Each structure stands twice: as C-alpha cells, then as structure tokens.
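Morning, everyone. Please bring up the structure on your screens. I'll take the sheet, then some helices.

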Amino acid sequence: MGGDVIAAVSTPRGRGGVAMIRISGDGAIECASRMFVPAGSTPLTATRHATARYGRIIMPHGGEVIDDGVCVIYRAPHSFTGEDTSEITCHGGVLVTARVLEAAFAAGARPAEAGEFTRRAFLSGKITLSQAEATGRLIEAKTDSQLKLSSSTARGALSAEVSDIYSSLRSLVARTYVTIDYPEEDLADITPDELRAGAVAAAERLRRLCASYKTGRAVTDGVETVICGRPNAGKSTLFNLFAGEGSAIVTDIAGTTRDTLRADVAAGRVLLHLYDTAGLRDDGVDDPIERIGVSRAREKISTAELIIAVYDATEKPGDGDSELLNVSAPAKIAVINKADVASDENISAYKALAKAADTPAIVMSASKGDGFDELVAEIERIFTDTEIDLTSDAVLATARQFHEAKGALDRVMGAIAAIDNGLPTDIAAGELEGALAHLASLDGREVTEEIVNEIFSKFCVGK
Ligand code: GDP
C-alpha cells in the first residue's frame with residue numbers, strides 16, 4: 001500500500017535543459033491528471049504502466065497553461081518507490097520548474113521530505129537498507145572509487161552476501177530446534193559437530209565482511225590527512241599535486257597561505273580530506289595571523305589519521321624535524337622532498353630519521369611529480385585491502401553496518417564457544433538467533449524508526 005501523494009523536483013536545482021517533477025503515492029496518477037492534459041483522447045488516468053504521454057502542464061482548476069512536457073506513468077508496484085508514480089518532465093528553467101511543482105501541490109500533492117522517495121522504496125521492499133544508503137552516497141560520490149563502491153552496493157552486492165549468511169544461519173537454527181523437538185525424526189538432524197562447522201563457516205564470512213570496513217571507510221568516509229613540515233619544504237607543491245588530480249574539489253581556499261587549505265582528493269582508491277598547514281614555527285612568531293595559523297596546524301595534527309611530514313632534503317635535518325614523526329597519529333608517512341636537487345647524504349639522513357620513528361619514507365620531487373605514485377601506493381597500502389574488488393565484493397561502508405556485522409560475529413563466536421564448552425545445542429542456537437537479529441538490522445526491515453530517519457535525513461529533497 002502506498003502513502004499519501006508527495007511531489008518534488010528530482011533533477012538538480014538551477015537552469016538545465018529539462019527538469020523532472022516526481023509525484024508518488026496512492027492517487028499520484030489522479031493528482032497528475034489535474035495538472036497535465038495529454039494530447040489524444042485517452043485520459044491520463046487510463047495510461048498504461050511505463051508509458052510516456054505528451055501534453056500541456058496547467059494550473060489545476062482551470063488555471064493557465066504553464067508549459068508543455070512529457071508525463072511518464074508507472075503503476076504500483078513497478079516503480080522506484082513501489083507506488084503509483086507520475087514523472088512530469090518540463091522545460092528546465094527555475095521559474096517554470098517552480099510553477100510546475102506548485103501546480104502539483106495545487107493538484108493535491110504535498111512537498112516530499114528529504115529522502116522520502118528512497119525511504120518509500122525501502123519501506124515497500126523495493127530495496128534493502130544498505131542499497132538505500134548506497135543510493136544516497138551514489139549521488140554524493142566525489143571520487144571514482146566512491147562511485148564504484150556505492151554503485152555496486154546499490155546494485156545489491158552487500159545485500160546478497162548478508163542475505164546468504166542470514167539464510168545459512170537460519171537453517172542451522174531451524175535444524176537445531178527440529179532435532180531438539182523431534183529427536184525421533186531424522187529428516188533434518190544436526191549433530192553438535194555439524195552445527196559447529198556451520199557456525200565456523202559463517203564466522204569466517206562475517207570476519208571477512210568486518211575486515212572490508214577498513215577499505216569501505218577509507219573509500220567512503222575518507223581519511224583526515226595533514227601535510228606538515230617547515231616553511232618552504234614543499235607542502236603547497238605536494239598539496240597541489242593531489243588537488244590537481246581530476247577528482248579534486250578544493251573546498252576552502254583561504255586568502256592567505258598562513259591559513260589552512262583543505263581539499264577532498266583521491267589518493268588512488270582512498271579519499272583524503274587533505275589539509276595543508278602553515279609552517280610549523282613557534283619561536284619568533286610575532287605576527288598574530290601567523291600564530292593563529294600555527295595553532296590551527298597543531299590542532300589539525302592532533303586529530304589527523306594520517307600525517308604526511310614533508311622534509312626539504314636540500315637542508316640537513318635540524319631541531320624539531322623528528323618531532324613531527326613522534327606525534328601519536330594512527331598513520332604517518334615521511335616525504336623526503338626536492339630529491340632532484342638534494343645530496344644523497346641528506347636523503348640518507350632523512351631516511352634514517354624516518355626509520356628511527358618506524359615511519360615509511362618516500363623520496364620525492366614534488367615540483368616534478370617524481371615519487372608521487374609511490375606515495376599514493378603507500379597510502380592505499382596503509383588504508384585499504386588491495387585484494388578487494390570494489391565493483392563486485394561485499395564491502396561495509398558505514399559505521400552502522402560495521403556495528404551490526406561485528407555484533408553478528410560476536411554472537412556466532414558465542415555459539416561456537418557454547419558448543420566447545422559442551423553446553424546443550426539450544427544455547428548455541430540462541431546465540432545464532434542473536435546473530436540473525438544483527439544481520440536483520442544490518443540490511444532488513446527490522447531497524448528502529450530512529451535509524452531509518454537518521455539514514456534518510458541525509459538525502460536531499462527529490463531523491
Ligand atoms: P611550503 O612552504 O612548504 O608550502 O613550500 P612550497 O610548496 O611553497 O615550496 C617552496 C619552494 O620549493 C617553491 O619555490 C617550490 O617551487 C620549491 N619546491 C617544492 N618542491 C620542490 C622539489 O621537489 N624540487 C625542487 N627543486 N623545488 C621544489
């Protein structure tokens with residue numbers, strides 16, 4: 001059953017060749033028929049599923065003609081939302097689009113909330129929760145890898161794996177209860193050994209799924225990264241190397257190089273939230289603007305997940321150079337820069353400095369771009385599992401999904417422990433039921449209203 005009739009502009013705001021207004025819900029076709037007069041003698045309400053009609057868009061109740069356009073009719077359940085849907089395409093001007101939407105409201109629709117179309121698709125069982133989440137990310141994707149991953153999740157790669165593990169666990173639980181309840185029947189008999197083997201196999205798949213989150217997170221959420229080093233080491237040059245890559249979006253270019261620059265960039269498959277900081281000089285900084293820059297840099301370094309420490313190898317290592325590699329960030333890389341003009345002796349000295357701090361070192365010439373591929377490969381090695389194929393493998397991409405997969409794994413491990421301790425098999429089956437509940441919340445309809453709201457609130461209107 002569909003919901004009340006909602007409408008929104010589903011194409012991006014602003015001027016475009018065409019715009020599409022989507023109307024969905026019980027009565028969506030009747031609603032459209034009050035504002036769309038098709039050419040020909042068949043009324044709009046008699047239009048067959050997946051059929052386009054050309055006609056005039058009017059203000060309802062005898063109002064003026066707004067535009068001409070095309071209306072495509074989809075009948076439940078064969079639409080994106082699973083409800084009756086009319087999609088009206090008109091000329092894409094801002095004013096025209098607004099008037100057509102207004103006409104839809106006058107014809108009885110109410111404004112759709114953010115994500116409401118996708119939410120209805122989920123509620124009517126057209127897509128799973130992870131597919132809905134991925135649809136949201138697909139629209140927002142900034143990098144090629146984000147696009148690949150969200151597209152494969154939207155097509156159901158994760159849902160398929162989760163539902164497979166779910167079925168295997170459900171069958172173990174069912175067979176265990178049948179064995180307990182009907183010991184004489186040997187149809188579905190299961191021994192504790194078989195139960196254990198089944199649980200071990202599921203645990204292995206869940207472990208692999210949990211491990212994929214490292215990659216999914218790096219691709220989807222990205223890694224907070226700070227480029228730091230002395231003034232003139234080549235930080236801005238390196239920053240521009242990253243930002244110059246096709247997918248870069250420089251979000252915050254400050255007016256002065258003393259401030260912090262930020263860009264979302266792709267380092268291979270990894271999304272980096274990259275900060276270029278002001279030179280890390282404390283002493284003798286009298287200029288208040290520069291001091292603000294320095295304290296911001298320190299603040300960024302303390303919360304970063306990856307520190308890229310850039311060294312100017314035309315100068316010998318000096319005081320404070322090793323300090324940068326002693327900060328407690330989860331990952332650090334030393335970039336030994338200006339290798340095109342630096343002496344081998346200096347390069348070796350910086351290598352030794354990095355080695356002492358147990359940090360990988362990349363010898364580079366940022367201005368020439370030499371060594372950049374090695375730097376990117378190192379970042380991918382640290383933050384992703386290179387075995388994972390983003391276009392086809394099941395990958396966890398959100399903290400919520402990881403939490404549920406981990407919860408399921410813990411309960412399956414509980415089941416294995418129960419069997420190993422010689423407890424009755426119904427204890428193990430109870431644990432497996434707990435795992436099933438986690439998997440159902442990962443991808444199913446058994447999630448709380450609150451979580452569903454949270455997921456769809458991140459969408460924009462019209463999706
Ligand atoms: P920042 O102060 O750390 O941001 O340093 P910049 O990126 O502004 O670079 C300082 C100077 O070093 C500039 O003149 C750059 O052209 C130069 N530079 C940066 N990287 C290299 C390099 O790899 N080789 C050489 N020869 N010069 C470089």
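Find T51. Which residue in strand 5 stands opposite T51? It is I73. Keep in mind that this is a predicted model.

Now look at the two strands around that pair. Strand 4 covers residues 51-58. Strand 5 covers residues 65-74. They run antiparallel, and eight bridges join them. A quick reminder: strands of a sheet pair through backbone hydrogen bonds, either parallel or antiparallel.

Zoom out to the whole sheet. Seven strands form it, and it is open. Read the order across: 3-4-5-6-2-1-7. The pairing is mixed. Which strands sit at the edges? Strand 3, residues 36-38, and strand 7, residues 110-111. Each of these pairs on one side only.

Next, helix 3, residues 116-123. Helix 3 lies across strand 1, strand 2 and strand 7. Against strand 1, helix 3 runs at about 130°.

Last stop: two more helices. Helix 7 is residues 192-220, and helix 12 is residues 399-420. Their axes are 9 Å apart, and the packing angle is about 155°. Angles over 145 degrees count as roughly antiparallel, so helix 7 and helix 12 are roughly antiparallel to each other. Their crossing is left-handed.

What meets what here? From helix 7, the residues include L195, V200, L206 and Y213. From helix 12, they include F402, L409, M413 and I416. By class, this contact of helix 7 with helix 12 has 17 nonpolar residues, four charged and no polar ones. Among the residues in the contact are R196 and R207 in helix 7, and K406 and D420 in helix 12.

Conventions
Residues numbered from 1 in each chain as written. Predicted model: local features only at pLDDT ≥ 70, side-chain atom pairs only at ≥ 80, totals over all residues. Heavy atoms only, no water. Pairing = 2+ DSSP bridges. Helix = DSSP H or I, 4+ residues; strand = E, 2+ residues; numbered from the N terminus. Contact = heavy atoms within 4.5 Å. Axes fitted to C-alpha atoms, helices over the stretch in contact; angles between N-to-C directions. Parallel < 35°, antiparallel > 145°, perpendicular 65-115°, else oblique. Left-handed = near helix turned anticlockwise from the far one by under 90°. Nonpolar A, V, L, I, M, F, W, Y, C, P; charged D, E, K, R; others polar.
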